[in-house]
Amino acid sequence: MARNHIQEEYINKAAKGRMLNKHEIVELLLIEDEDRLQALFEAARKIKQKIFSNKVFLYGFLYFSTWCRNDCNFCYFRKSNVIDRYRKTPAEVLDIAKRLADSGVHLIDLTMGEDMKYHAENFESLLDIVERIKKSIGLPVMISTGVLKNEIIDAFAKLGTEWYALYQETHNRELFKKLRVFQDYDERMNAKLYAQRKGMLIEEGILTGVGETLEDIAESLLAMGKINANQVRVMSFIPQKGTPMENIKTPDRNMELKIIAILRLMYPYALIPASLDVDGISGLKNRIRAGANVVTSIIPPKEGLMGVAQNSKDVDDGGRTVEGVRTILSEMGMELATVQEYRSYIENNFHARRICS
Ligand code: SAM
Ligand code: MD0
Ligand code: SF4
């Protein structure tokens, strides 16, 4: 059978609710023909529409400390990079969280490098911040702190922290070693699984354009379902000045879009981000069209806050705000969900595992 027909058959199979295997995922990742590509996105969109109608969720991104003990080769904030860093005070974090909430986001994502200051104080001040956000702001919280010890995860889980985001980046152990140098694959995976056992929702993710093969990507997409991740993501690698990977080119965006669409076909109920941290606000429409349903990396302007992959793009001119996003979504016939709708979705014990197979 001609390749086009095979790809079409796999899209139809997945659209009917049947799980894709590794070979089939690789075949879909190979799609180049424009009509097939559009058919893939359309199938993903239809599934999203059926489950989430035209509702989109928004995450406020609060990168409160850019200090880090690690040396990930892809990251601008790796310890060896000589850059200006900041650490917001708890009062500043709360103030920004409040303004993000008032602007209309559905969740506050508290992100940091693996800042030793927090490790040294057993995360007391971050636990306090989460408690205050829950009490006085009332929005769900995600922590993206890097690897935490089990006792610390216990403390966050006890407070009712909804999410722990911790991305493996790849599920190829050899590649992991090259990307997250001197870090332990199992330690990272186990922290995530421990949080899940303690009742937290987990987010798993990969980077594309970091030397992975299509088979590696397929393995990762399957791994996300095996661990029942609730939110699953891909981000295109953006080269960062001063890092060992600064001369590696950013990949063609169609790969990220194909991965988003395949994730949607495989895991209809999952939350899948359209990150503003890769192409800024101009990258929003195509990611939503490919099947994403959460806009992440909404950053309040002029607070001295950074993104991770695009640390300043569209931030201070207000492009990455709820208003900026709302305008674009409404042009597409999409709407912002309410906080209540987001809450009831995450309280419904959903996960990436296929429910309608
Ligand atoms: N430090 C914590 C950690 O590593 O888990 C949380 C913040 S970390 C900076 C969040 C994620 O940003 C990483 O897991 C990675 O997927 C993504 N990221 C970092 N550098 C990137 C880059 N150059 N291009 C694209 N994504 C990147
Ligand atoms: C994003 N810059 O969503 C954020 C970050 C961490 N939970 C998320 C990678 O694009
Ligand atoms: Fe640190 Fe996270 Fe960047 Fe790695 S990805 S260097 S852990 S901030």
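**Cavities and the ligand 2 site**

Modeller: The structure holds two cavities of 30 Å³ or more. This is a predicted model, in which local features need pLDDT of at least 70 and side-chain atom pairs count only at pLDDT 80 or more, while totals for chains, interfaces and linings use all residues. Residues are numbered from 1 along each chain as its sequence is written, ligands are numbered from 1 in the order in which they are written, and side-chain values use heavy atoms, without hydrogens and water.

Colleague: How is a cavity to be read, and what volume lies in the largest cavity?

Modeller: Rolling a probe the size of a water molecule over the atoms shows where empty space is left. A cavity is a set of points, on a 1 Å grid over the protein atoms alone, where a 1.4 Å probe fits but cannot get out; lining residues have an atom within 4 Å of a point. Grid points are joined across faces, edges and corners, and a volume is the space filled by probe spheres set on the points. Here the largest cavity contains about 710 Å³ of space. Its lining comprises 40 residues, of which Thr 111, Tyr 167, Glu 169, Arg 180 and Val 308 are the closest to its centre.

Colleague: Which ligand takes up the space of the largest cavity?

Modeller: A molecule sits in a cavity if more than half of its atoms lie within 2 Å of its grid points. The largest cavity is the space taken by ligand 2.

Colleague: Which residues come nearest to ligand 2, and how are its polar contacts to be read?

Modeller: A residue is near a molecule if one of its heavy atoms lies within 4 Å of it. There are 13 residues around ligand 2, and Asp 109, Ser 144, Tyr 167, Ser 275 and Thr 296 come nearest. A polar contact to a ligand is a pair of N or O atoms within 3.5 Å. A nitrogen atom of ligand 2 lies 2.7 Å from a polar side-chain atom of Asp 109, and a nitrogen atom of the ligand is 2.8 Å from a side-chain N or O atom of Tyr 167. For Thr 296, a side-chain N or O atom is 2.7 Å from an oxygen atom of ligand 2.

Colleague: What lines the second largest cavity?

Modeller: The second largest cavity has a volume of about 40 Å³. Its lining residues are Glu 169, Thr 170, Ile 206, Leu 207, Glu 212, Asp 216, Ile 217 and Ser 220.

Key: Polar contact = N/O pair within 3.5 Å; in protein donor to acceptor, adjacent residues only side chain to side chain. 1 Å grid on protein atoms, 1.4 Å probe; cavity = no way out; pocket = protein on both sides within 12 Å on 5 of 7 lines; lining within 4 Å.
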